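Trainee: I would like a close look at a single part of this model, followed outward to whatever it leads to. Please take it step by step.

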Amino acid sequence: MSCDCAAAAMSSSSDAVAAARKGRLKQRYDNEFRLVAGCVPYRVKKGDEGSNPCSSDAAGVEVLMISTPNRADMVFPKGGWEDDEDVYQAASREAMEEAGVKGDINQRAALGHWVFKSKSSQNSTSPRGACKGYIFAMEVTEELDSWPEQDTHSRRWVSPREAYQLCRYDWMREALTALLERLSVIEPVATAATPELTDQAGMYMMLQASSDGAVALC
């Protein structure tokens, strides 16, 4: 009897994991901008005291990236911020759905705020089709054996050095740099103010991050 109960509990848990939110009925918008939340999942490995202290990997930091179909490069988990959750819950949900991880979101401040457009709309001057993204640091505390979008997103722990090479977009490299600065792995990097930047697959603009900016639209 107890075995049957345990099996039922496992089945229920699996069913809960198997469902991901779809559609945009609850999607938040700021005027015509679709609001997006995501994170850079990371962990700090212990026992690396013998590593080269000049290396960016010396602190034992690894970040988790996910793949997408038919692409060799990788991304960090992110997705639509919905109206029944705050921005931290949205970032955490996207990490679970796309990468199968749970963890602690640093709520002190976002790693950065970005406005970016899809490739199809990058030549348009209208905000239609653009997103405002809020990206946070997440220290991973749990890795799930199965997750809602594992059929389309595999996951991979990589060093910061490898992550810089794999990042699909420049704004993701900027978010990674902000994480490493926050973890004191590298010295803060001064970035010149650039109103709009273009990379190989989209257009984005970095916004000034502040301690309360990420929750201003809650």
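Trainee: Is phenylalanine 116 buried or exposed, and what is its relative accessible area?

Mentor: Phenylalanine 116 is buried, with a relative accessible area of 11%. The model is a predicted one, and what follows is computed from it.

Start with the strand that holds this residue. Phenylalanine 116 lies in strand E6, which covers residues 112-117. Of the 6 residues of E6, 6 are buried, so the strand is largely enclosed by the rest of the structure. Gly112, Trp114 and Phe116 point one way from E6, while His113, Val115 and Lys117 point the other way. Both sets are buried. E6 pairs with strand E7 (residues 130-143) in the antiparallel sense, over 6 bridges. Within that pairing, glycine 112 stands opposite isoleucine 135 of E7.

Next, the rings. The whole structure has 4 aromatic pairs. One of them joins tryptophan 81 and tyrosine 134: the centres are 5.9 Å apart and the planes make an angle of 80 degrees, an edge-to-face arrangement. Tryptophan 81 sits in the loop between strand E4 (78-80) and helix H2 (87-99), and tyrosine 134 sits in strand E7, so this pair ties together parts that are 53 residues apart in sequence. Tryptophan 81 has a relative accessible area of 0% and is buried; tyrosine 134 is also buried, at 7%. The pair that involves phenylalanine 116 has tryptophan 171 as the partner: the ring centres are 5.2 Å apart and the planes are at 5 degrees, so the pair is stacked. Tryptophan 171 belongs to helix H4, so this pair ties strand E6 to a part 55 residues away in sequence. Tryptophan 171 is buried, with a relative accessible area of 4%. Ring pairs link Trp114, Phe116 and Trp171 into a cluster. Trp114 and Phe116 are on the side of E6 that Gly112 also points to.

Another aromatic ring has a charged neighbour. The charged end of arginine 43 sits over the ring of tryptophan 157, 4.1 Å from its centre.

Strand E7, the partner of E6, also leads to helix H2. The buried residues of H2 pack against E7, and in addition against E2, strand E3 (61-66), E4, strand E5 (101-105) and strand E8 (155-158). In H2, 11 of the 13 residues are buried, so the helix is largely enclosed by the rest of the structure. Among the buried ones are Val87, Tyr88, Arg93, Glu94, Met96, Glu97 and Glu98. The length of H2 can be checked: at 1.5 Å a residue, its 13 residues should span 18 Å, and the end C-alpha atoms are 18 Å apart, which agrees. At the start of H2, a side-chain oxygen of aspartate 86 comes to within 3.0 Å of the backbone nitrogen of tyrosine 88. Just after the helix, glycine 100 takes a positive phi of about 70 degrees.

Two polar contacts between side chains are worth adding. Aspartate 30, in strand E1, makes a polar contact with the side chain of lysine 132 at 2.5 Å. Aspartate 30 is buried, with a relative accessible area of 18%. Its C-alpha atom is separated by 9.1 Å from that of cysteine 131, a residue 101 places apart along the chain. The other contact involves threonine 68, in the loop between E3 and E4, whose side chain meets that of arginine 168 at 2.5 Å. Threonine 68 counts as buried, at 17% relative accessibility. Leaving aside residues up to four places away in sequence, threonine 68 touches Val75, Thr152, His153 and Arg168.

Last, the backbone. Most residues other than glycine have a negative phi. Asparagine 31 has a positive phi of about 55 degrees although it is not a glycine. Asparagine 31 is in the loop between strand E1 (29-30) and strand E2 (33-44), and with 72% relative accessibility it counts as exposed. Serine 184, not a glycine either, has a positive phi of about 60 degrees. Serine 184 is in the loop between helix H4 (170-182) and strand E9 (197-199), and it counts as exposed at 62% relative accessibility.

How values were computed
Residues numbered from 1 in each chain as written. Heavy atoms only, no water. Buried < 20%, exposed > 50% of the residue type's maximum accessible area, 1.4 Å probe, protein only. Helix = DSSP H or I, 4+ residues; strand = E, 2+ residues; numbered from the N terminus. Pairing = 2+ DSSP bridges. Phe/Tyr/Trp six-rings, centres within 6.5 Å; stacked < 30°, edge-to-face > 60°. Lys NZ or Arg CZ within 6 Å of the ring centre and 35° of its normal. Polar contact = N/O pair within 3.5 Å; in protein donor to acceptor, adjacent residues only side chain to side chain. Expected span 1.5 Å × (residues − 1). Contact = heavy atoms within 4.5 Å.
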